[in-house]
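I am opening my notebook beside the structure, and I will write down each thing that I look up, together with the rule I used for it.

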Amino acid sequence: MRNPNRRLLELDRQPCESSKWSWLDDAVQTRAPEFIEKIGQGALGKSWVFVCEGSGLREPGAFFTDEIAGRLVLIVCTPDGALKGFRNVCPHLGSPVERNRHGQTRNFICPYHAWTFSLDGRLTSVPLPEGYDGSGFQKEEFGLPEIPLASVGGLVFGSLNDTPSDPTEHFAAAAPYLEGLFPAAAQWDIIFACTIRVDLWWEEWIRRTRQAYADGPMAESFGIPQTLYQKQRHLVGTPHGHQVALVRDLDFSSVERRYHIPTQSWGTGEAKFLREQDAGGCLVHLTPNLLVAGIGDALVTLRADPFDEQMTLVRIQGYGQRAESPPLRQARQRQLQLWWGPYAEQLRVAAQ
């Protein structure tokens, strides 16, 4: 029997992808709609933003959730093996459809009213569908809003812009270095992760980081002496403001002594790529908010996102290949721990 009090409230307004329309979205994101609107209108809302390393998203049903410019997003591998990105907000009343950070699933079920979505974002079922009789409700009109995705090597980027720049042109000269450091066929584990808060607006943090990147102090935090970085680097710029620095003549023996990494293991992975470039280190700065560093066999990404008007969250992740031996994995972790200490101090100094 049809419930005369049941109706679809959202038919006369746009789908609830925005905290502007839903108090639930506000409660989840804990930030004012005006602030989210502000950062969404800037570079983070218009450009390609790093979401995740993609080797864990190759099986149908594998998913990953994050945010771009304050908006909740969901990346999933569809049954045909393709990656798709969606706003992670149910178009019914704005609740996040998936609340886990990552995992494997057959479909997505909104925890608020059990609307169910397929892996390709289609709304497949709602509870008590007879309650919508006469409302004009059509399931095909209420799928998860899709967002553009781009893969560069093994890294996945998303955009809130419905018509972002062409990714091939956008990443331009930086793409070969990202593909060399993160080859698409590789399988990675996150073996080091840390998030810190910096008391700066994110654009100012990026500006200071780029300056430290250009002058050398940041490279020194990664084990590259400042004098060597300034004398032996090779800079590559791109039309979209990305920067690449290859460091020549890096003394691997000194790096081995400092980080206790066996040099016989440096013939594969990113170290092989760096040797082919006649370099011991590579730093890639991608606008608007990502830094990728590869030194020898060690890889790290640093992503900056605004938390509020006075604070930036910097997420640091280090990676290791799944097939590597335990001694090499332990060496990687030691190296990342040693990197982390001086770099954290560098961030604190930059924030003062």
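I begin with a rule: a salt bridge is a side-chain nitrogen of Lys or Arg within 4 Å of a carboxyl oxygen of Asp or Glu. I also note that buried means under 20% relative accessible area, exposed over 50%, and partly exposed in between, with a 1.4 Å probe and protein chains only. The model is predicted, so local features need pLDDT of at least 70 and side-chain atom pairs count only at pLDDT 80 or more, while totals for chains, interfaces and linings use all residues. Residues are numbered from 1 along each chain as its sequence is written, and side-chain values use heavy atoms, with hydrogens and water left out.

Entry on Glu98. I looked up whether Glu98 is buried or exposed. Glu98 is buried yet has no salt bridge, and the nearest side chain of opposite charge (Lys and Arg count as positive, Asp and Glu as negative, His and the chain ends are not counted) is that of Arg99, 8.1 Å away. A polar atom of the Glu98 side chain lies 3.0 Å from the backbone nitrogen of Asn100. Leaving out residues up to four places away in sequence, Glu98 touches Phe63, Thr65, Leu74, Asn88 and Phe108, where contact means heavy atoms within 4.5 Å.

Entry on cysteines. How many disulfides does a search of the whole structure find? I find 0, taking a disulfide as a pair of cysteine sulfur atoms within 2.5 Å. For Cys110, the closest cysteine sulfur is in Cys90, at 4.0 Å, which is too far for a bond. Cys110 is buried at 3% relative accessibility, and Cys52 is buried at 5%.

Methods: A polar contact is a pair of N or O atoms within 3.5 Å; within protein, one must be able to donate a hydrogen and the other to accept it, and residues adjacent in sequence count only if both atoms are side-chain atoms.
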